[in-house]
Amino acid sequence: MNKEIEQVALMLKTSRNTVVVTGAGISTEAGIPDFRGEHGIYRQLGEDRVMQIINIDCFRSNPDHFYLFYRKHFHSYAHVRPSPAHLALAQLEGQGLVKAVVTQNIDGLHQKAGSRRVVAIHGTADRYVCTNRACQEVYDQDYVDTYPLTVPCCEQCEEALKPDVVLFGEPIKNYYDALELITGAHLLIVIGSSLTVYPLAGFVRDYCNSNKDLLIINKGPTQMDYAATLKVDAGHTGDFLGRVLDRI
Ligand SMILES: [Zn+2]
């Protein structure tokens, strides 16, 4: 492990453009279950059912049904604290060693940890946006939690609010920002993602086509292990990154 720590510290110090991609694995260290993991909502409720309800068509055609389910199963992350791994990435950005984080997570923990440039391709769960295009007022979790009806509506125009997350049937957010950051990086670090979800996995594949360094820190195998300059099978990412920071 010491050799790996030295190598990662050196890679970070010598790269002028490092971008980090994060997935569910980094947030399980903050106590948030992976949706697709053993205790995740997909296993508990059935992936088909979740996909049918957490779906843009369901939201539009039957918002009551959508919100009954959403309110019950998708909890707020307001009281979750960032993990040591989130904090380490914010510190690396502060030292000028990480340019940006592209995340699949909707928990907002990178922003909470102090990372400034965060591209959340699946949106952020504690934000709600008015569906009236002419209005687009933004509301927080408190407003929705204390709203007297199942479907929260806008104070200004009374249209329904939509959680600012990417539902099934919707395209990812910030597609071009994410693509540009990833393919333009000189060092790409993937943390806590098995890289099975597209289009993100495709962006990482594109990056690898130009023979640049890829570092993967993940518990278990990923789809891109074969292309990695270094693969770290870290049991605890926060510990690992903390030790890397000590060497920088
Ligand atoms: Zn509105």
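The following paragraphs describe two pockets in this structure, which is a predicted model.

The description begins with the largest pocket, which holds about 1100 Å³ of space. Its lining is made up of 46 residues, and those closest to the centre of this pocket are Ala-24, Asp-34, Phe-35, Arg-36 and Asn-105. Three elements give two or more residues to this lining, namely helix 2 (24-28), helix 3 (41-45) and helix 11 (200-208). Helix 2 provides the largest share, with 4 residues. When the residues lining the largest pocket are divided by class, 24 are nonpolar, 16 are polar and 6 are charged.

Attention may now turn to the second largest pocket, whose space amounts to about 490 Å³. Here the lining consists of 17 residues, and Cys-130, Thr-131, Arg-133, Lys-162 and Glu-170 are the closest to the centre of the pocket. Helix 5 (56-61), strand 4 (123-130) and strand 6 (161-165) each contribute at least two residues to the lining of the second largest pocket. Of these elements, strand 6 gives the most, with 4 residues. The class composition of this lining is 8 nonpolar, 3 polar and 6 charged residues.

To locate the two sites in the structure, the reader may start from the elements named above. For the largest pocket, helix 2 is a suitable guide, as the source of the largest share of the lining. For the second largest pocket, strand 6 serves in this role, as the element that gives the most to the lining.

Methods. Residues numbered from 1 in each chain as written. Predicted model: local features only at pLDDT ≥ 70, side-chain atom pairs only at ≥ 80, totals over all residues. Heavy atoms only, no water. 1 Å grid on protein atoms, 1.4 Å probe; cavity = no way out; pocket = protein on both sides within 12 Å on 5 of 7 lines; lining within 4 Å. Points joined across faces, edges and corners; volume = space filled by probe spheres on them. Nonpolar A, V, L, I, M, F, W, Y, C, P; charged D, E, K, R; others polar.
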